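Visitor: Could you take me closely through one part of this protein, the largest pocket, and then through the residues that sit around it? I would like the terms spelled out as you go.

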Amino acid sequence: MTVLFINGSPRKAGNTAALGERLLHQVPHTTWHLTDYALHFEHDQRETGRPQQDLTDDYEQLMTQFATFDDIVLGTPVYWYGMTGQLKVFMDRWFDSYTHDFPFAGKRLYLLVVGADQPQIKATGITQPYSIPATGFICTFKAQL
């Protein structure tokens with residue numbers, strides 16, 4: 001079992017990173033801080049005839065590594081009742097990978113949502129975007145933490 005913790009917070013030493021590391025403290029894992037990588041917005045090329053791919057940022061390199069992990073813990077603080085922009089852009093780019101037959105099948109996704117007050121209520125806009133893509137990509141959405 002290989003575990004990847006993706007910290008979607010813009011704060012590398014914030015609550016999301018701290019809680020993620022605490023959650024996984026006895027589990028061998030790799031941590032990515034999305035704020036360390038250049039990720040461009042999704043550009044939908046379906047109607048242009050151009051490939052659904054952007055090779056000018058770090059996304060392809062990240063996904064090459066992503067493919068080697070079995071369990072993915074996606075961490076985000078609650079920002080305006082949603083996930084951070086960093087994590088949203090990363091997940092939007094999964095469409096690029098999906099259209100190129102990226103091996104999402106068999107991966108297990110876990111969601112770590114961090115909020116100061118009533119995150120179970122204020123984070124409801126976050127949980128649905130995680131479970132629906134998992135179904136489309138044949139991943140298994142395992143838990144909200």
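Guide: The largest pocket holds about 220 Å³ of space, a pocket being, on a 1 Å grid over the protein atoms alone, an open set of points where a 1.4 Å probe fits, with protein on both sides within 12 Å along at least five of seven lines; the volume is the space filled by probe spheres set on the points, which are joined across faces, edges and corners. The model is a predicted one, in which local features need pLDDT of at least 70 and side-chain atom pairs count only at pLDDT 80 or more, while totals for chains, interfaces and linings use all residues. Residues are numbered from 1 along each chain as its sequence is written, and side-chain values use heavy atoms, with hydrogens and water left out.

Lining residues are those with an atom within 4 Å of a point, and of the 13 that line the largest pocket, Pro 77, Val 78, Val 114, Gly 115 and Ala 116 are the closest to its centre. By class, the lining comprises 6 nonpolar, 4 polar and 3 charged residues, where Ala, Val, Leu, Ile, Met, Phe, Trp, Tyr, Cys and Pro count as nonpolar, Asp, Glu, Lys and Arg as charged, and the others, Gly among them, as polar. At least two lining residues come from each of α1 (15-23) and α5 (119-122), helices being DSSP runs of H or I with at least four residues and strands runs of E with at least two, numbered from the N terminus.

Helix α1 also contains Thr 16, which counts as buried at 2% relative accessibility, since buried means under 20% relative accessible area (1.4 Å probe, protein chains only). Leaving out residues up to four places away in sequence, Thr 16 touches Phe 5, Asn 7, Ser 9, Gly 75, Thr 76, Pro 77, Leu 112 and Val 114, contact meaning heavy atoms within 4.5 Å; two residues in that list, Pro 77 and Val 114, are also among those closest to the pocket centre.

Asn 7, another partner of Thr 16, lies in strand β1 (residues 3-7) and is buried, with a relative accessible area of 0%. Its side chain makes a polar contact of 2.9 Å with the side chain of His 33, a polar contact being a pair of N or O atoms within 3.5 Å, of which, within protein, one must be able to donate a hydrogen and the other to accept it, and residues adjacent in sequence count only if both atoms are side-chain atoms. Beyond its neighbours within four places in sequence, Asn 7 has contacts that include Lys 12, Ala 17, Trp 32 and Gly 75.

Definitions and conventions. Buried means under 20% relative accessible area, exposed over 50%, partly exposed in between (1.4 Å probe, protein chains only).
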